[in-house]
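Reader: I'd like a close look at one part of this protein, the sheet, with some residues picked out along the way. Could you walk me through how it is put together?

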Amino acid sequence: MELHKIKQVTETHDVETVNKMLKKGWVLLEVYKADNYGGPYPLERAYYVLGREESSD
């Protein structure tokens, strides 16, 4: 897929959601890690950015 054809982009940290989306035709655009501060210690979490050409399921 060419980048200029991407019409919808989303981000998630849930690997199961990513796998389902990839099976539906989404493409993985980026993976990055960020600190998630929700407790006494920061927790590093991976985030996945996906895109697709159409906006219908």
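Author: Here is a tour that starts with the whole chain, moves to the sheet, and ends with a few single residues.

Keep in mind that this is a predicted model. The protein has one helix and three strands, and from the N terminus on the elements come in the order β-α-β-β. So much for the order along the chain; now the sheet itself.

The three strands make an open sheet, arranged 1-3-2, with antiparallel pairing. Strand 1 (8–12) and strand 2 (27–36) take the edges, and each has a single partner strand, so one side of each is left without a neighbour in the sheet. On average, neighbouring strands of this sheet are turned by 20° against each other, if you ignore direction. As for what holds such a thing together, strands of a sheet pair through backbone hydrogen bonds, in either a parallel or an antiparallel way.

Take the two pairings in turn. Strand 2 and strand 3 (residues 43–52) are antiparallel and share nine bridges. The connection between strand 2 and strand 3 is a hairpin of six residues. You can follow this pairing residue by residue: Leu28 sits opposite Leu50 of strand 3, Val31 is opposite Tyr48 of strand 3, and Tyr32 has Tyr47 of strand 3 as its bridge partner.

On the other side of the pairing scheme, strand 1 and strand 3 run antiparallel and are joined by five bridges. Here Thr10 has Leu50 in strand 3 as its bridge partner. Leu50 therefore turns up in both pairings, opposite Leu28 and as the partner of Thr10, with strand 3 sitting between strands 1 and 2 in the order 1-3-2.

Then there's the helix. Helix 1 (residues 15–23) packs on the sheet and touches strand 1, strand 2 and strand 3. The direction of helix 1 makes about 15° with that of strand 3.

Now for some individual residues, beginning with Thr12. Thr12 lies in strand 1. Its relative accessible area is 16%, so Thr12 counts as buried, the cut-off being under 20%. Setting aside neighbours within four places in sequence, Thr12 is in contact with Thr17, Val18, Ala46, Tyr47, Tyr48 and Leu50. A polar atom of the Thr12 side chain also lies 3.2 Å from the backbone nitrogen of Asp14.

Leu29 makes a good counterpoint. Leu29 has its place in strand 2, and with a relative accessible area of 37% Leu29 is partly exposed. Not counting residues up to four places away in sequence, Leu29 touches Leu3, Ile6, Val9, Val49, Leu50 and Gly51. Leu50 is on this list, and Leu50 is also among the contacts of Thr12. Even so, Leu29 and Thr12 themselves are 12 Å apart in space, C-alpha to C-alpha, with their positions 17 residues apart in sequence.

One more residue to look at is Arg52, which is found in strand 3. You might not expect it from the name alone, but Arg52 has 8% relative accessibility, so Arg52 counts as buried. The side chain of Arg52 makes a polar contact with the side chain of Gln8, at 2.9 Å.

Finally, step back to the whole protein. Of its 57 residues, 19% count as buried. The exposed area comes to about 4600 Å², and carbon and sulfur atoms supply 48% of that. Among contacts with a separation of 6 or more, 52% are between residues 24 or more positions apart. As for overall dimensions, the C-alpha atoms fill a box of roughly 40 × 20 × 15 Å along the principal axes. The radius of gyration is 13 Å, whereas a compact globule of 57 residues would have one near 10 Å.

Terms used: Residues numbered from 1 in each chain as written. Predicted model: local features only at pLDDT ≥ 70, side-chain atom pairs only at ≥ 80, totals over all residues. Heavy atoms only, no water. Pairing = 2+ DSSP bridges. Helix = DSSP H or I, 4+ residues; strand = E, 2+ residues; numbered from the N terminus. Axes fitted to C-alpha atoms, helices over the stretch in contact; angles between N-to-C directions. Contact = heavy atoms within 4.5 Å. Buried < 20%, exposed > 50% of the residue type's maximum accessible area, 1.4 Å probe, protein only. Polar contact = N/O pair within 3.5 Å; in protein donor to acceptor, adjacent residues only side chain to side chain. Rg over C-alpha atoms; globule rule 2.2 N^0.38 Å. Areas by Shrake-Rupley, 256 points an atom, 1.4 Å probe, with all protein chains shown as cover.
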